[in-house]
Amino acid sequence: MKPENSEDKKYFFDKPASMKILAWSFLLSLVLLLALEFFIHKHTYFPSEEWPEFYCVFAFVGFVALVLSAKYILRPLVKRREDYYD
Amino acid sequence: MTEVLPPAAIFIIGGLLVPLIKGKWKSAYMLLIPVVGFINLINIPEGTHWVVEFMEYDLIFGKVDRLSLLFGYIFHLISFIAILYAIHVKDDVQNVAGLVYAGSALGVVFAGDLFSFFVFWEMLTVASIFLIWARRTKAAQGAGYRYLLVHAAGGLCLLAGIVLYVNQTGSIEFGYIGLNGLATLLIFLGFGLNCAWPLLHPWLTDAYPEATITGTVFLSAFTTKCAVYALARAFPGTEALIWIGAIMTAFPIFYAVIENNLRRVLSYSLINQVGFMVCGIGIGTQMAINGAVSHAVNDILFKALLFMSMGAVMYRNNNKINCTALGGLYRTMPLTCICCIIGAASISAVPLFSGFVSKSMVMSAAADGHMQIIWFILLFASVGVLEHAGIKIPFFAFFGHDSGLRPKEAPLHMLLAMGIAAFFCIFNGSFPSYLYSLLPYPVEYVPYTVPHVVGQTQLIFFAALAFILLTLSGMSPAEMRAVNVDADWFYRKGSGLFYRVMDISMNGLTRVADRVIVGELTGSICRISQRWPEVLCLGIMIPLWSITGVKGKELEGKIERTRVALQTHTSPIGISAAIATIFLVLIYLLM
């Protein structure tokens, strides 16, 4: 057990300033990645890969679709009480 | 061949000797086994070694080629890491089981014939079961029994296939088999069960999270990868595997989203990653097989790393492993947190981490084969990996809501083990040429091209953006304590139905049998067998006596004495023999 006062210790992610730096650098990276698309030459296998920002859109939409379908379709079907098998 | 030993022998014999060594030396001894094993391994030349004649067949304990060697190397490395991680474990059951399990895996990989292959394959199950039971909880006991039953069924399926196959071909050599006919289908399914194919998979997600903290690290490395090896050896280019693999990558990610137990999330993730390998083996081109095998190597490392980091969290937090119970641990377990993030980055295929250089090979092979639907499924599954393994695992354990837990950092030996795995995750990702040089086929694939790096980074960052927005808007599924039913429902709940059906049918049969056979039939036979000698005997004797002039009281007396003698089996030998003879003659005439 740690002494009481250690609970007051501010860790990295508890500080608003460091969160702010993180958030801004993340946003900046997003913008950079969106922009990079127009400076590279893609070698694509399928026509859909040539759409602008294909990977960005696919990742975002895929992620949201995955999470929401797991939440609203799969979970109601399979969720049981913790002691279901006991 | 006198100076080198079969790799399996070093681990199995070495493992069985562990209980004889006491005190401090035990740790050193156990760590020495994979080291000695590795030195032994690198001195084994390619080719066929240790051929033992057995009942007209040749058992081969050393089929050494580039495919088996690579699995051999990684099995030695992960054994060393897992033993180091488990060095605090005093329980010899686990220590022996871990080493014998690793040895069996090496036996499978270097087996050149189907008999020794099968024996080592079954030893995998037997040894690994103790890593589950050693947790000594009711849940672990139940999961262990289910694991044993499922694997026993799979093993029998494989054995039936092997017997049929050997009968058909007359050869027990283990090489390319290919899918044609019943025998090969049974072998295929036997491999598939250990590979955790869809619907055959629940043994994995059921049992691995219930195993001991250190046991799960061993488990994650061997059983499924041995199955991947077996498929790569016997069924490369089998089209069914492409679809099986693609489904394996896609369906577990949905379960992983809503699962609360973080080690179970990793178990689903394990199936998802093995799916990429199975898919690659199904595609079957040189690049696809290279991709599958290199991904197996990388997955062994990063999956073990993730299981180790979650194990360290359990170890320091009184076995807590649910999302609902954890959170904010980065404050006091920063090094474990960093190791976990390295594992998460590797599995998510972040550039410079190991997944990036191997998973993409399978995807490129799919694209080269113009398999558009497969490619999209794999890409979607890659996004899913980011969700559960890339973000969920580190986030819910080390960040997220502050659980108020302030545990100590993981012990030194665990940190070292995680550090070694983390080193190889980064090394294989940043300098892939070393890994590529060990692959079965020459590698022409170049992972680090600008479009690949940019595309993959876009994928990762925008998936992360989706996660952040979903979490901030409260639309992410809430973590809750619950069971999510999976295909194991059929035998976990179905077993109750089976029990009742068996109760009614089998116990009913017993009752009927009791009434008819015990109650009535036996009595009748008894009565008949007593009555018939009497009838036979007296039927012959009474006329004889009458002819010889025996009458009245004397006749009645004779009849009575004969009857008593026959009932109490005290008749003179002559009469018994005569009756037996008559009986036999009768039977002879009747037949």
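Colleague: How are α2(B) and α3(B) oriented to each other, roughly parallel or roughly antiparallel?

Modeller: Two packed helices are described by the angle between their axes and by the distance between those axes. In this predicted model, the axes of helix α2 (residues 24-42) of chain B and helix α3 (residues 66-85) of chain B cross at roughly 165° and come within 8 Å. α2(B) and α3(B) are therefore roughly antiparallel to each other. The crossing in which α2(B) passes α3(B) is left-handed.

Colleague: Which residues in α2(B) meet α3(B)?

Modeller: On the α2(B) side they are Met30(B), Leu31(B), Pro34(B), Val35(B), Gly37(B), Phe38(B) and Leu41(B). Their counterparts in α3(B) include Tyr73(B), His76(B), Phe80(B) and Ile83(B). By class, the residues of this contact of α2(B) with α3(B) comprise 10 nonpolar, 4 polar and no charged.

Colleague: At what angle do α11(B) and α15(B) pack?

Modeller: The same two descriptors apply: the angle between the axes and the distance between them. Helix α11 (residues 262-283) of chain B packs against helix α15 (residues 372-398) of chain B at an angle of about 155°, and their axes are 10 Å apart. With angles over 145 degrees counted as roughly antiparallel, that angle makes α11(B) roughly antiparallel to α15(B). Here, too, the crossing of α11(B) past α15(B) is left-handed.

Colleague: How many residues of the contact of α11(B) with α15(B) are charged?

Modeller: The residues of that contact divide into 14 nonpolar, 5 polar and 1 charged. Among the participants from α11(B) are Leu262(B), Tyr268(B), Asn272(B) and Phe276(B). Those from α15(B) include Ile374(B), His388(B), Lys392(B) and Phe396(B).

Colleague: Let us turn to strands. How many bridges join β1(B) to β2(B)?

Modeller: A strand pair is read from its direction, its bridges and its connection. Strand β1 (residues 47-54) of chain B and strand β2 (residues 57-64) of chain B run antiparallel and are joined by 7 bridges. Val51(B) has Ile60(B) in β2(B) as its bridge partner, and Glu53(B) has Asp58(B). The two strands form a hairpin with 2 residues between them. In the turn, Met55(B) has a positive phi of about 45°.

Colleague: Which strand pairs with β3(B)?

Modeller: Strand β1 (residues 79-80) of chain A pairs with β3(B) in the antiparallel sense, over 2 bridges. Lys79(A) stands opposite Asn484(B) in β3(B).

Colleague: How many residues of chain B are in contact with chain A?

Modeller: An interface may be read by its residues, its elements and its chemical classes. Here 37 residues of chain B are in contact with 34 residues of chain A. The elements giving two or more residues to the chain B side are α10 (239-258), α15, α18 (450-472) and β3 (483-484) of chain B. α18(B) provides the largest share, 14 residues. By class, this side has 25 nonpolar, 7 polar and 5 charged residues.

Colleague: What is the mean pLDDT of chain A?

Modeller: The chain mean is best read together with the values for individual stretches. Chain A has a mean pLDDT of 85, and 91% of its residues reach 70 or more. Among its elements, helix α2 (residues 54-78) of chain A has the highest mean pLDDT (94), and β1(A) the lowest (90). Over residues 1-6 of chain A the pLDDT is below 50. Beyond near neighbours in sequence, this stretch has 1 contact in the model.

Terms used: Residues numbered from 1 in each chain as written. Chains lettered and ligands numbered in written order. Predicted model: local features only at pLDDT ≥ 70, side-chain atom pairs only at ≥ 80, totals over all residues. Axes fitted to C-alpha atoms, helices over the stretch in contact; angles between N-to-C directions. Helix = DSSP H or I, 4+ residues; strand = E, 2+ residues; numbered from the N terminus. Parallel < 35°, antiparallel > 145°, perpendicular 65-115°, else oblique. Left-handed = near helix turned anticlockwise from the far one by under 90°. Contact = placed C-beta atoms within 7 Å. Nonpolar A, V, L, I, M, F, W, Y, C, P; charged D, E, K, R; others polar. Pairing = 2+ DSSP bridges. pLDDT = per-residue confidence, 0-100.
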